[in-house]
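Visitor: I would like a close look at a single part of this structure. Please take one helix and tell me how it sits among its neighbours, then what the chain does just after it.

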Amino acid sequence: ALTEDYAGKAGRSAAALATARALATSKLEEARRALAAVHPEGTHLEAAVECCQDGLAIEDVEDPTLTAELTKLKSSVETAIGDRDEARRRAASHQADGQASVSSGDFAGAIVSFKAALELATQSAFLSAELVAAIAAAELAMREEEAERVNARLEEDRTMKHRAQVEAERQ
């Protein structure tokens with residue numbers, strides 16, 4: 001009877017270990033799927049970290065290779081999140097510089113700042129669209145400003161020709 005009891009406990013322990021490993025493996029695969037399903041705002045990274053954390057929180061996995069894979073993936077993704085967040089901070093700074101340039105009428109400077117922000121790996125479709133729109137608006141403002149200068153020169157030329165014509169008629 002003691003042997004049967006021991007065998008039953010050992011069987012349940014082996015089944016619990018297999019279940020824990022299967023669950024941790026599924027969390028690792030879920031993290032990999034989250035990374036593969038790139039979200040336009042970069043939230044797939046946080047989803048992957050959460051899956052890794054869930055996998056690491058499972059007790060009695062007793063699989064050093066699986067634990068190491070979860071830990072390594074989590075660390076790698078956390079680094080990617082840090083890089084993304086730093087790129088977003090830098091992009092926000094460039095964007096603010098661009099907006100200040102627009103306010104002061106320096107459209108060329110604004111375009112440079114907005115393009116610098118756009119080149120960063122922010123993993124934000126919304127921010128990228130916002131920057132593309134800001135570049136287009138600054139380019140339009142620059143073209144309108146140039147058109148105003150050309151029109152002013154044309155008007156000045158017409159005025160000069162008119163004065164010359166009036167002077168010629170007087171003589």
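Guide: What follows is a walk along helix 4 and the loop after it, with a short comparison elsewhere in the chain. The model is predicted, and every value below is computed from it.

Helix 4 covers residues 107-118. Its length can be checked with simple arithmetic. At 1.5 Å a residue, its twelve residues should span 16 Å, and the C-alpha atoms at its two ends are 16 Å apart, so the expectation and the model agree.

Next comes the question of which residues of helix 4 are buried. They are Phe107, Gly109, Ala110, Ile111, Ser113, Phe114 and Ala117. An α-helix has 3.6 residues a turn, so residues three or four places apart point the same way. Keep that in mind when reading the list of buried positions. The cover over these buried residues includes helix 3, residues 64-103, and helix 5, residues 125-170.

Helix 5 deserves a longer look. The axes of helix 4 and helix 5 are 9 Å apart, and the two helices pack at an angle of about 165°. An angle over 145 degrees counts as roughly antiparallel, and helix 4 and helix 5 are therefore roughly antiparallel to each other. The crossing of helix 4 past helix 5 is left-handed.

The contact itself can be listed by residue. From helix 4 come Phe107, Ala108, Ala110, Ile111, Phe114, Lys115, Ala117 and Leu118. Their partners in helix 5 are Ser128, Leu131, Val132, Ala134, Ile135, Ala138, Glu139, Ala141, Met142 and Glu145. Sorted by type, the residues of this contact are 14 nonpolar, one polar and three charged. Phe107, Ala110, Ile111, Phe114 and Ala117 are among the buried residues of helix 4, and they also take part in the contact with helix 5.

Between helix 4 and helix 5 runs a loop, and Gln123 lies in it. Most residues other than glycine have a negative phi. Gln123, which is not a glycine, has a positive phi of about 55°. Gln123 is partly exposed, because its relative accessible area is 33%.

Glu62 makes a useful comparison. Its phi is also positive, near 50°, and Glu62 is not a glycine either. Glu62 is found in the loop between helix 2, residues 43-57, and helix 3. With a relative accessible area of 57%, Glu62 is exposed, whereas Gln123 is partly exposed.

Terms used. Residues numbered from 1 in each chain as written. Predicted model: local features only at pLDDT ≥ 70, side-chain atom pairs only at ≥ 80, totals over all residues. Heavy atoms only, no water. Helix = DSSP H or I, 4+ residues; strand = E, 2+ residues; numbered from the N terminus. Expected span 1.5 Å × (residues − 1). Buried < 20%, exposed > 50% of the residue type's maximum accessible area, 1.4 Å probe, protein only. Contact = heavy atoms within 4.5 Å. Axes fitted to C-alpha atoms, helices over the stretch in contact; angles between N-to-C directions. Parallel < 35°, antiparallel > 145°, perpendicular 65-115°, else oblique. Left-handed = near helix turned anticlockwise from the far one by under 90°. Nonpolar A, V, L, I, M, F, W, Y, C, P; charged D, E, K, R; others polar.
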